[in-house]
Amino acid sequence: MNSIYAKWKYLLAAFLSIWFVVWGINAISLENKHRYVPAAILGQEVDFNRDIRPIINKKCIACHGGVKKSGGFSLLFEEEALAVNESGERAIVPGSIRKSELIKRINHRDPEYRMPLEGEPLENEEIALLTKWINQGARWKDHWAYIPPEPQQIPNISDPWIQNDIDKFILSKLNKEKLLPNPKSDRYTLLRRVSLDLTGLPPTLEEMEAFIGDESDSAFEKVVDRLLASPAFGERWAAMWMDMARYADSKGYEADRPRSIWKYRDWLIKAFNDNVPFDQFITLQLAGDLLPNPTDEQLIATAFHRNTMNNDEGGTDNEEYRTVALIDRVNTTWSVLQGTTMECVQCHSHPYDPIRHENFYQSMAFFNQSADADIPSESPTLVQFKEEEDLQKLSRVKNWAATHPGKKDSVYFEKLIRITEPKLHPHYFEQMEKDIPIRGTATFKVTDSVYSFTKEVPLMSEDRIMLRYRADTSVGTLQIRLDNKEGELIGSIPVNRKTKTEYNKEVKKDKIYTINETVSFPVKPISGKRDIYLVLEGNTGLKTECTIEWVLFHHALPGEEESGFEEIARDFHEIFNSTNEKVTTPIMLELKDGYRRKTNVFEKGSWMSHGEQVEPGVPAKWNALTPTMEKNRLGLAQWLTDPDNPLTARVTVNRFWEQLFGLGIVETIEDFGSQGFAPTHPELLDWLALQFVHEHQWDIKKLLKQLVMSATYQQSSHMREDLEQVDPRNQLLARGPRLRLTAEQVRDQALAVSGLLSPKMFGPSVMPEQPEGIWQVVYSGGNKWETSSGEDKYRRALYTFWRRTSPYPSFISFDAPSREVCLPRRIDTNTPLQALVSLNDPVYLETAQGLARRTLESSPEANPEKLIAIMYGFAMARGLDHEKLQDLIELYRQTQVYFDNDPGAICQFTGEEDKELAVMTVMANVIMNLDEFVMKS
Amino acid sequence: MNLQQELQYRTLQRETRRHFLKQCAQGLGSIALGSLIGCGASSTQEEQASAVMESLAAKMPHFAPTAKRIIYLHMAGAPSQLELFDYKPELGKLDGKDCPPSLLEGKKFAFIQGVPKMLGPQAEFKPRGESGMMISDWLPHFSTIADDVSLIRTMHTDEFNHAPAQLLLQTGGPRLGRPSMGSWVTYGLGSDNENLPGFMVLVSGGNTPDAGKSVWGSGFLPSVYQGVQCRSEGDPVLFVSNPEGMSRDLRRNTIDAINKINDKEYQEMGDPEILTRISQYEMSFRMQTSVPEVMDIKDEPAYIHDMYGTEPGKTSFANNCLLARRLVEQGVRFVQLFDWGWDTHGVSEGDSIEGGLKNKCSQVDRPMTALIKDLKQRGLLDETLVVWGGEFGRTPMQENRGGKVWPFKGRDHHTEAFPIWMAGGGVKGGYTHGETDEIGYYGIKDKVHVHDLQATIMHLLGMDHEKFTYFAQGRDFRLTDVAGKVVHKIIA
């Protein structure tokens, strides 16, 4: 055991020697550094984006933009800006300031006429710029983000600091600012930084030793390759993407009931670990179901957009909330993949960016053909059977269909069993009672006095109908009729009450419950759009009531005359009614012809007021939809991943950059539009984007490796006085990133260093310890937080059950979102509530005790100094500064005295009569609350 | 110099530097509002980011406020106006008759189907106080303070389901993702107590509101502005208690050690976030006493318990009313109470008008009255605005869910007319605002939309709701969206 300490003494010495190097950077005079003198004033050409657009966006566009067009004048599009206005004048006449009304109006002496109206006049400098711009021909330029990235010259610069081409961009800008970068971080800091960044977990002592001991030039690269290949890599990046996907284990809204969608989370982990190229990664998520013969994994990937909320509240209009989900899909897609604030365009043209009102609905048209409809069952779902019995039935049915030629093949029947679409949902039906129509929500009824119908069902000669229903008697016949309630009878089935008997705890005896049954029966094949009526025949006064969940027309299994058919038909029936455990995952599924929906513009964004009909399409400023791209989600994915798309690659490299450096090259990673921030290093952004697409072929691991192999990433994160003045937020990157761990990493690190972390991957979400009374959600009787047992208590944070209305409290304290909608960027805060979590949350005390135990077990003979140094080593994977050690020793002594004076507190605190454990748990609690522990330097 | 002094000194030094770094005048420490006054239409993202740091210091409003604090009593589920505040004798005459089709055309209801029957008022009303305000017999205590409140009878909303309507009322938008009123107010005005959060939430009735914790969420505002829920069982604020076996002295020692080491880390790394962390650990230590202290009502005198009907240790609306008074006394800016259980559809006795509603009235009547009287006797009512109401009203028709006649009397959700009352904070006493038609279905005079209520509340707090914005998702947002008119008639 002493040997560990011996190694640590070595580490400590090595560490200290690096630690106390003073960075010899002189403060640089920065006088007048930030006085902005527009180039144009000095006689150069006015640049629209650099010089003019900021004036327009700040001073003009509120009245002359996408929302208001006062006087018929808008500065959103060039053609609008140059057009004749309501007054008959042209605001801008290129080359002629005399004819340009704009120049007259901004210079006008009468405040009634001067622009901006009711505002301060423009600055002289601004007037000079606008004048010069018009004089020079009023050259309009698209906002930089809509111009595809252009090949960039790598700055021709050499310096021993440089490790790869990224550094040349960074250093050349630093040179311009007369700043020097920081030297490389010490190895301890560096390994902890890169381990947390790539895998979300801190390095182990062994990993640290191996790295410190590896004197080869490629030591760091080896580490990076190891981390990229680690299974934890996928977990760390899935956790990031789950914010984009607004992943949650519940449906949201009032009752916020559980949703089984963890298969999608598992898919994400595997996709990152398998390094699925980013273009495929998004294609699968947007349109996996549209690929030829999609696999389960490809279907599950589409759950990305099934993470929208589903409103089960009684009385809500399913179509309204389907629309809300649809709008969310548009907003999320544009925000995550295009850095564009499409939500503005729901109600009117974009106030600042060149996107027209109808563009929103053209985008929506891509998503509007998915079969989901805000139904409580979340249909369409993919069923994955688990029990051998079910699997065998499925395989027998498939096998039968494959060996008996008929109209439909075995793929059809497998889909019918596992996806069961296209369903006719209750809200498609009108229930007629005394001739008053009532619309169903979760179910609809057919009784002695109520019939139900649905209009214009696109029938395609299906010869069977399937429905899921329950009946409270077994009397009468349920009839399917065409066109009206007395219309042609095309099929019927005797009503059957199915029951189960179960012991009831409250009345303490067996009770009989009516249960649902899925039945399929023959109908006369019809082709074309017809109205379907469901009628109950045979009134016996028993008041039979059928409650129906859904209806589906389908084709019969082949080989009805063959021997063995009866068994197959039984398998077919039983598998639909199997109560065995299975996994269901909501997926996207394109509606078939005949079922497809029309998409209309919503006037002022309201789903109730339909404007003109639109087809799938994209805004004109972007790359065009080429003829090879179909007008469906797959085409949309192809358009997004087309190398000509100006934004996908930029937004993506920027997102990964932000994850490592804390700030994106474009800080507003969610908004690349003209109201977002301009890139700090535009050339680097474009260079990285082009590299990502063309060199790396969308390879995420290559991109991440490129980023972490740079000297920019590896430099020390020490703040220097000169930087504190000129670059307090580290936009120029003269120092390395120093960031707080994410909510997930805070938990994972605590579990890892305490030795409690379970390495188990995948599976249903788990419930680690949480205070009582967090889940007080209405109408959620059966849904309780039941703390998981065994290792499931200690899983990584991303496996924690995420309920939207009551997320796990400590995650929320550390700035995790509730995931109701996509939140592309978390803003770190630093609050007392975070301190209370890491000081007092029982989960964090358990980890502190775990760390204490681990320390004591590793070196039972050690003195307090050694023990504390070892504990710190387990936590930080490095040696402890002498002065800090003294502070901890002082606390150690105080704590010993405390427990000596109050021995009863020992057992209260630890559950055991072990003073040393109690004292060391306090020490661990302190070490795990240090700034350096919750930060990565 | 000891650590504390040094910390203060360094923080000051840093603030000064920041001050010079920023070109924008910031008024009296106000970022959010300073930028409104000094720097054009909206605060930039950079300013907002750094504002987080100084987020909770007290700030100056736009103009002199009449209310400095607010207690909002939200009756989640929506109480019936027809039994409590909107006296409709004509409706009584129609009791049991078919609802005229004109009231049903083009309407969407949550549960009413086909043609329902009209349902007369189930409670008696009398004029109260000098003002003669009509108030139900079911609120005998409240009837004694009629002259202290302004009653708006003509509130209306756009949403007829609980969750969206609660969100519209509390966040200005019916969908999730907007900051709640309390977040806006603490963002704009900060907190007057550095030992307690500026926005605190108390829940009774057994459930959180239908829309969940989003009704006190911070939306796109930084998370420091979200409401902090105080619980009456377990820790009043999550994790505020030390673990068993750890005394306050030992906790002090550990925080001293943490802060000493963090200070060394600061000397080494120079990252000002470390100083913030040191001060946040100090604040958390102070909260460990200030929160349980303010939440402990045991030491209140007997006459106070009697007045409110409080029982220490219980979760109740009464306890929460008393806590609300204690919190505003300590300078908490926004105290939000939610009381669940007002959704009286008449499907069971518990949610019927004659059972559930009457019972809820008896639960809240005494404590809400006591709250007003208590604030008044302490001289706090003048500066504290108290608001009471649900997220919408109830139909004058009897609910007939599933097309059936139910054995209990209930009313469905109704958006067109519902009451809110306000007291203190600069509103008139004994004033009734607005008039509804003969059956309490539509407002016919002085209608007040939910956004108007929000505009009025902001106005009383000294804020111009049209100028108080936050830049997010590509545009400026405000609590009242694109609407809202201040109801000047209720202001004294």
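The following points concern a predicted model of two chains, A and B.

1. Domains of chain A. The domain assignment divides chain A into domain 1 (48-140), domain 2 (261-375 + 599-710), domain 3 (426-580) and domain 4 (840-936). Domain 2 is thus given as two segments, 261-375 and 599-710. Between the C-alpha centres of domain 3 of chain A and domain 4 of chain A the distance is 66 Å.

2. Overall make-up of chain B. Chain B has 492 residues, of which 59% count as buried. Its secondary structure consists of 13 helices and 17 strands. Of the contacts in chain B between residues at least 6 apart in sequence, 75% join residues at least 24 apart.

3. The contact between the chains. On the side of chain B, 61 residues are in contact with 70 residues of chain A. Three elements of chain B give two or more residues to this side, namely α6 (162-171), α8 (248-269) and α9. The most comes from α8(B), with 11 residues. By class, the side of chain B that touches chain A holds 21 nonpolar, 26 polar and 14 charged residues.

4. The nonpolar cores. The largest nonpolar core has 319 residues, and M871(A) and M923(A) are the members that touch the most others. Helix α9 (residues 272-295) of chain B supplies the largest share of this core, 10 residues. A second core, separate from it, has 25 residues, including Y451(A), L467(A), L478(A) and W550(A). Beyond residues up to four places away in sequence, M871(A) touches L851(A), T855(A), M920(A), M923(A), A924(A) and I927(A).

5. Helix α18 of chain A. This helix (residues 565-576) has 12 residues and reaches 17 Å from its first C-alpha to its last, close to the 16 Å expected at 1.5 Å a residue. The buried residues in α18(A) are I568(A), D571(A), F572(A) and I575(A). They lie on the same side of α18(A) because they cover an arc of only 100 degrees around the axis. An α-helix has 3.6 residues a turn, so residues three or four places apart point the same way. The buried residues of α18(A) pack against α16 (388-403) and α17 (410-418) of chain A. On the face turned away from the buried side, α18(A) carries the exposed residues E566(A) and R570(A).

6. Helix α11 of chain A. Helix α11 (residues 262-273) has 12 residues and spans 17 Å from its first C-alpha to its last, close to the expected 16 Å. Because 10 of its 12 residues are buried, α11(A) is largely enclosed by the rest of the structure. Among the buried residues of α11(A) are W262(A), K263(A), R265(A), W267(A) and F272(A). The elements that cover them include α10 (231-244), α12 (278-287), α13 (296-301) and β14 (582-586) of chain A. After α11(A) comes N275(A), whose phi is positive, near 55 degrees.

7. A buried glycine in a loop of chain B. G440(B) is placed in the loop between β13 (435-436) and β14 (443-445) of chain B. Is G440(B) buried or exposed? G440(B) is buried, because 27 other C-beta atoms lie within 10 Å, and 20 or more are enough for a residue to count as buried. Apart from neighbours within four places in sequence, G440(B) is in contact with Q81(B), L82(B), D86(B), K88(B), L91(B), P396(B) and A417(B). I491(B), 51 residues from G440(B) in sequence, is 25 Å from G440(B) in space, C-alpha to C-alpha.

Technical notes: Residues numbered from 1 in each chain as written. Chains lettered and ligands numbered in written order. Predicted model: local features only at pLDDT ≥ 70, side-chain atom pairs only at ≥ 80, totals over all residues. Core = buried A, V, L, I, M, F, W, Y, C linked by C-beta atoms within 7 Å. Helix = DSSP H or I, 4+ residues; strand = E, 2+ residues; numbered from the N terminus. Contact = placed C-beta atoms within 7 Å. Nonpolar A, V, L, I, M, F, W, Y, C, P; charged D, E, K, R; others polar. Expected span 1.5 Å × (residues − 1). Arc of directions from axis to C-beta. Domains from an automatic or database assignment.
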